[in-house]
Amino acid sequence: MINFICRAVIVFYFGIANSGTMSAQEMSSDSAPEASAATDGSSDSGDHKIRVFYREKWENAFDFRSIAIMEKQHYMIGAQWIRKFSFGTMVGIGAIGTPTNLTIRKNNGQTKDTYSFYGAGLFLGQQVFDYRPFRIIVFANAGGGLLYHRGEASGVAAKMDTVKFRSVDPGVYATFYSRDSIDIGVSLSAFIVDFDSNTSVEEKDLSGGSVGLTFRKLYH
């Protein structure tokens with residue numbers, strides 16, 4: 001009888017020990033994937049931080065400028081859609097044009113000439129100073145466009161020209177106010193054109209310096 005009791009106690013003891021060992025093994029095996037997942041998560045988080053830190057930004061802009069055309073003051077508008085890299089270089093598309101016609105009357109109003117132009121091309125820029133809200137951006141917008149010229153004499157259309165031109169618009173932006181990721185500043189540029197063919201309008205009549213305001217929206 002004593003031997004039977006001793007044997008029962010020994011079997012019971014080893015049964016409990018074996019079950020504890022199996023439970024510990026199961027817990028360790030279950031925690032291993034969690035630890036691996038945690039490790040992988042920390043790696044993904046680190047990679048995400050790196051990608052965010054080096055991620056490019058977008059910047060869209062709208063310009064309102066004053067320029068002398070045919071020795072008469074007029075205004076034109078411009079827009080840019082830009083990809084801005086972490087080191088301050090900007091690459092994108094720029095467009096410029098006159099939203100309304102410029103009208104010049106001569107000979108006591110007997111003759112009238114109207115002008116308008118539109119162009120687009122590659123925009124390149126470099127941010128050389130950044131201490132928000134103050135930023136300085138040097139840029140060059142190069143491309144081509146069309147000049148529309150219509151002449152009238154005593155109310156009768158005398159001639160109409162549509163001329164292609166190439167243009168270069170180098171300049172600088174300087175912002176001085178920022179709110180809700182919108183920067184406001186001034187723009188200075190030198191608008192230079194080269195006509196593809198002879199026309200009644202000379203290149204110097206369309207080329208000239210411009211000054212105005214710029215409104216720039218930053219996307220992170």
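Which strand gives the most to the lining of the second largest cavity? In this predicted model, the answer is β2, with 3 residues. The paragraphs below start from that cavity and then follow one of its lining residues, F123, into the surrounding strands.

The structure contains 2 cavities of 30 Å³ or more. A general idea helps here: rolling a probe the size of a water molecule over the atoms shows where empty space is left. The second largest cavity encloses about 30 Å³ of space. Its lining is made up of D63, R65, G78, A79, Q80, A95, I96, F123, F139, N141, D169 and Y173. At least two lining residues come from each of β1 (57-69), β2 (72-84), β3, β6 and β7. Sorted by character, the lining of this second largest cavity holds 6 nonpolar, 3 polar and 3 charged residues.

The largest cavity has about 60 Å³ of space. Its lining counts 13 residues, and those closest to the centre are I96, G119, A120, N141 and S167. Two or more residues of this lining are given by each of β3 (89-97), β5, β6 (134-153) and β7 (156-179). For the largest cavity, β6 gives the most to the lining, with 4 residues. The residues here divide into 5 nonpolar, 7 polar and 1 charged.

What surrounds F123, leaving aside its neighbours within four places in sequence? This residue belongs to strand β5, which covers residues 111-131. F123 is in contact with Q80, I82, M90, V91, G92, I93, G94, F139, A140, N141 and Y173. W81 offers a good example of how the fold brings positions together: 42 residues separate W81 from F123 in sequence, while their C-alpha atoms are 8.5 Å apart in space. Is F123 buried or exposed? F123 counts as buried because its relative accessibility is 0%, and the cut-off for buried is under 20%.

F123 also takes part in a ring pair. A pair of aromatic rings is described by the distance of the centres and the angle of the planes. Across the whole structure, 7 aromatic pairs are found. One of them joins F123 and F139, whose rings are stacked at 5.7 Å centre to centre, with 15° between the planes. This pair links distant parts of the chain, since F123 sits in strand β5 and F139 in strand β6, 16 residues apart. Both partners, F123 and F139, are buried.

F139 has a further ring partner in Y173. The centres of these two rings are 4.4 Å apart and their planes meet at 15°, so F139 and Y173 are also stacked. Because F139 lies in strand β6 and Y173 in strand β7, the pair ties together parts 34 residues apart in sequence. F139 is buried, with a relative accessible area of 6%, and Y173 counts as buried at 0% relative accessibility. Elsewhere, ring pairs connect F117, F165 and F191 into a cluster.

Strand β5 has a neighbour to consider as well. Strand β4 (residues 102-106) runs antiparallel to β5, and 5 bridges join the two. Within this pairing, R105 stands opposite K112 in β5. Together, β4 and β5 form a hairpin with 4 residues between them. In the turn of this hairpin, N107 has a positive phi of about 55°.

Methods: Residues are numbered from 1 along each chain as its sequence is written. This is a predicted model: local features need pLDDT of at least 70, side-chain atom pairs count only at pLDDT 80 or more; totals for chains, interfaces and linings use all residues. Side-chain values use heavy atoms; hydrogens and water are left out. Buried means under 20% relative accessible area, exposed over 50%, partly exposed in between (1.4 Å probe, protein chains only). Contact means heavy atoms within 4.5 Å. On a 1 Å grid over the protein atoms alone, a cavity is a set of points where a 1.4 Å probe fits but cannot get out, and a pocket is an open set with protein on both sides within 12 Å along at least five of seven lines; lining residues have an atom within 4 Å of a point. Grid points are joined across faces, edges and corners, and a volume is the space filled by probe spheres set on the points. Ala, Val, Leu, Ile, Met, Phe, Trp, Tyr, Cys and Pro count as nonpolar, Asp, Glu, Lys and Arg as charged, and the others, Gly among them, as polar. Two strands pair if DSSP finds at least two bridges between them. Rings of Phe, Tyr and Trp (its six-membered ring) pair if their centres lie within 6.5 Å; planes under 30 degrees apart count as stacked, over 60 as edge-to-face and the rest as tilted.
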